[in-house]
Amino acid sequence: YWDAMPLSGNAIFPFGLYRDVHLEVRRSPELLTISVSTLNLGEEAANLELRCGWWSGAAEPLAVSLLAHIAPDTFDGESHAFRRQVVVRPGRTETRTRITLREPRLWWTWDVGSPDLYRMTATPTGVEGRQLSSVESTFGVRRLERDEETLTYSLNGRRLFLRGVWYPFANLFPAEVTDAAYRRDVAMMCEANCNHVLAFTYVER
């Protein structure tokens, strides 16, 4: 990469261990990751898809009971719980489960509404009813779509004019960045009336 050097370039790529290290003991099957996407929005409900990343060392597929708990993360409101049965196959696999969320609070860009978020907690129950480790993720209920003919965008059915910037990095040295630095940059983007960011950077957790 031609500009991945300091002084003459504009980026430094991290090498080696650049995040926390931990020792992991896995029990089969193990829930690794979760993500939530919005399939469609109705007048009173949203259809969501819960994607779960699994690892299993078993030789055969295993039936797992999955408890999904959805609670407001940035506002006060009602929590919801769903239980679904999934089949986890050997190795690294993914399952997809559909959930209907009634009367959701939608996520909007800051300039037209409130970017409300939910927190999903997924807890699997394995063989012999043994509860496995939970995984959490925050998400917003939203539908961002583009008209292929006019190339216009809409958010939750409302036309949206994107005003975006390219955000390469907050600091040439990623490990030096603090939460305050990110908040400063986001505040300046809002002051510049931006509602869209292309993040071309390593974000420290």
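Select Arg119 to begin: at 28% relative accessibility this residue counts as partly exposed, a class lying between buried, which is under 20% relative accessible area, and exposed, which is over 50% (1.4 Å probe, protein chains only). Accessible areas come from the Shrake-Rupley method with that 1.4 Å probe, and for residues only the protein chains shown count as cover. The model is a predicted one, in which local features need pLDDT of at least 70 and side-chain atom pairs count only at pLDDT 80 or more, while totals for chains, interfaces and linings use all residues. Residues are numbered from 1 along each chain as its sequence is written, and side-chain values use heavy atoms, with hydrogens and water left out.

Keep Arg119 selected and add Asp73, with which Arg119 forms a salt bridge whose closest N and O atoms are 3.2 Å apart; the term requires a side-chain nitrogen of Lys or Arg within 4 Å of a carboxyl oxygen of Asp or Glu. This pair joins distant parts of the chain, since Asp73 sits in the loop between S3 and S4 and Arg119 in strand S6, 46 residues apart. Strands here are DSSP runs (E, at least two residues), numbered from the N terminus. Asp73, at 33% relative accessibility, is also partly exposed.

Next add Glu136, whose side chain meets that of Arg119 in a salt bridge (3.1 Å, N to O). Glu136 belongs to strand S7 and lies 17 residues from Arg119, and with Asp73 included the three residues are linked in a network of salt bridges.

Now move to Arg146 and Glu148, whose side chains form a salt bridge at 3.2 Å, N to O. Glu148 is exposed, with a relative accessible area of 59%, whereas Arg146 is partly exposed at 41%. By the stated rule, the count comes to nine salt bridges.

For the interior, select Leu31, Ile34, Leu48, Leu50, Trp54, Met120 and Phe139, which have the most contacts inside the largest nonpolar core, a set of 24 residues. Such a core consists of buried Ala, Val, Leu, Ile, Met, Phe, Trp, Tyr and Cys residues joined through side-chain atoms within 4.5 Å. Strands S1 (30-41), S2 (45-56), S3 (62-72), S4 (80-88), S5 (91-102), S6 (118-125) and S7 (135-139) each supply at least two residues of this core, with the largest share, five residues, coming from S2.

Finish at Glu43, in the loop between strands S1 and S2, which is exposed with a relative accessible area of 85%.

Note on methods: Helices (H or I, at least four residues) and strands (E, at least two) are DSSP runs, numbered from the N terminus.
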